[in-house]
Amino acid sequence: MTDSARELLQLVPKAEGKQSMKDFKSDQEVRWCPGCGDYAILAAVQGFMPELGLARENIVFVSGIGCSSRFPYYMNTYGMHSIHGRAPAIATGLASSRRDLSVWVVTGDRDALSIGGNHLIHALRRNVNLKILLFSNRIYGLTKGQYSPTSELGKITKSTSMGSLDAPFNPVSLAIGAEASFVARTVDSDRKHLTSVLRQAAEHPGTALVEIYQNCNIFNDGAFEVLKDKRRAEEAVIRLEHGQPIRFGADGTKGVIRDAQSGDLKVVPVTPENESQILFHDAHAASPNLAFALSRLADPDTLHHTPIGVLRDIQRPVYDTLMSDQLDTAIEHNGKGDLVALLTGGDTWTVAG
């Protein structure tokens, strides 16, 4: 953990005594469709939260609208089920004004990337101290099966009977393009990997976006089966680890290199002749080029060669800290610029109707 991450976490009061998963379960009945991937994500988050050692009353989950947005009801913390697409905006105000809180956003691919797309990219570029969990199931679940901004081209749904004409968003590519300082991807059913990514996101100072592939077993069942089936996943999933060669497949027989002519990344069988060309993953690289190129590897239809793990994790100034420093400076200059006096002053203006 970096010094800046420690400083931000130290602003949040610690819990008294040891916590368990049970402490983070609310008394509300969990109401998702049986078999929904949201159950696995909820269990992972509830099981991970005690690791933070933070007081529950200083943890807040903010959601928008959608199946995923029921999340705050099921966490025994503070929470807000807010407005469609506006969770990042509301969470930005909360995190900026209350630096003693650990603020988490739970959203879906419709909530975050359709009506809420503008709010998401600005939270990412500002680098507000938020942790954003984006549940991506490539469908609209709450409204019963219309196509979403992440649905594949040609997807047949209730709203696209002849196939979707929209090219889908790649949420990870979008986040890296918006200069997000932490970007990761994981899968709902891989508890160990999901928890590891959550841990790294929590330790990151600034905005951390985690895309979670989440199965909607009612309206888009099996969308990510190639990444979950043990045999097929071995050839489809690229597990990224900082500082390690980007290899996958049975016994690491496949690897990622940069094409000498096009400069693009490509997957090749590893041989003695090309082994020295296999790229090493650098999540901390200042340039987003490698992370973005990795995000484009996966085939959007088949999901073959899908990277999971932390694609980017860099340090840059945190919006809340910068804003707090400005406020402190303004308050110190009582004579020429008393911010408190300005905000609490009695000056008013009458505007003619």
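**Exercise 1. The largest core**

Which residues of the largest nonpolar core touch the most other members? Work it out on this predicted model, then trace which elements build the core.

*Solution.* Start with the membership: the largest nonpolar core has 37 residues, and Leu120, Leu124, Leu130, Leu265 and Leu294 touch the most other members. Next, look at the elements behind it. At least two residues each come from strand 1 (59-63), helix 4 (87-97), strand 3 (102-108), helix 5 (109-115), helix 6 (117-126), strand 4 (131-136), helix 7 (171-177) and helix 11 (289-295). Helix 11 gives the largest share of this core, with 4 residues. Now zoom in on Leu265. Setting aside residues up to four places away in sequence, Leu265 touches Val256, Ile257, Arg258, Leu279, Leu290, Ala293, Leu294 and Leu297. Finally, there is a second, separate core of 33 residues, which includes Val45, Leu133, Val197 and Ile212.

**Exercise 2. The overall fold**

Compare the radius of gyration of the protein with what a compact globule would have, and then describe the chain as a whole.

*Solution.* First, the expectation: a compact globule of 353 residues would have a radius of gyration near 20 Å. The protein has 22 Å, which agrees. Along the principal axes, the C-alpha atoms fill a box of roughly 75 × 55 × 45 Å. Inside that box sit 13 helices and 11 strands. As for burial, 48% of the 353 residues count as buried. Then take the contacts with a separation of 6 or more: 67% of them join residues 24 or more positions apart. Turning to the outside, the accessible surface is about 17,400 Å², and carbon and sulfur atoms hold 53% of it. To finish, check the charges: there are 36 positive and 40 negative ones, and their mean positions are 4 Å apart.

**Exercise 3. Phe182 and Ala285**

Decide for Phe182 whether it is buried or exposed, do likewise for Ala285, and list their contacts beyond four places in sequence.

*Solution.* Place Phe182 first: it belongs to strand 5 (residues 182-187). Its relative accessibility is 0%, so Phe182 counts as buried, the cut-off being under 20%. Outside its neighbours within four places, Phe182 is in contact with Val197, Gln200, Ala201, His204, Thr207, Ala208, Leu209, Val210, Val310, Arg312 and Asp313. As a distance check, the C-alpha atoms of Phe182 and Leu101 are 19 Å apart, with the two positions 81 residues apart along the chain.

Now Ala285, which sits in the loop between strand 10 (265-269) and helix 11. Because its relative accessibility is 21%, Ala285 counts as partly exposed. Beyond its neighbours within four places, Ala285 is in contact with Arg312 and Ile314. Arg312 therefore appears in both contact lists, that of Phe182 and that of Ala285. From Ala285 to Gln315 the step is 30 residues in sequence and 9.9 Å between C-alpha atoms.

**Exercise 4. Two positive phi angles**

Find where Glu179 and Asp251 lie, and say how accessible each one is.

*Solution.* Begin with the background: most residues other than glycine have a negative phi. Glu179, not a glycine, has a positive phi of about 65°. Its place is the loop between helix 7 and strand 5, and with a relative accessible area of 40% Glu179 is partly exposed. Asp251 likewise has a positive phi, near 60°. Asp251 lies in the loop between strand 8 (247-248) and strand 9 (254-258). With 78% relative accessibility, Asp251 counts as exposed.

Definitions and conventions. Residues numbered from 1 in each chain as written. Predicted model: local features only at pLDDT ≥ 70, side-chain atom pairs only at ≥ 80, totals over all residues. Heavy atoms only, no water. Buried < 20%, exposed > 50% of the residue type's maximum accessible area, 1.4 Å probe, protein only. Contact = heavy atoms within 4.5 Å. Rg over C-alpha atoms; globule rule 2.2 N^0.38 Å. Areas by Shrake-Rupley, 256 points an atom, 1.4 Å probe, with all protein chains shown as cover. Lys, Arg positive; Asp, Glu negative; His and termini not counted. Charge placed at Lys NZ, Arg CZ, Asp CG, Glu CD. Core = buried A, V, L, I, M, F, W, Y, C linked by side-chain atoms within 4.5 Å.
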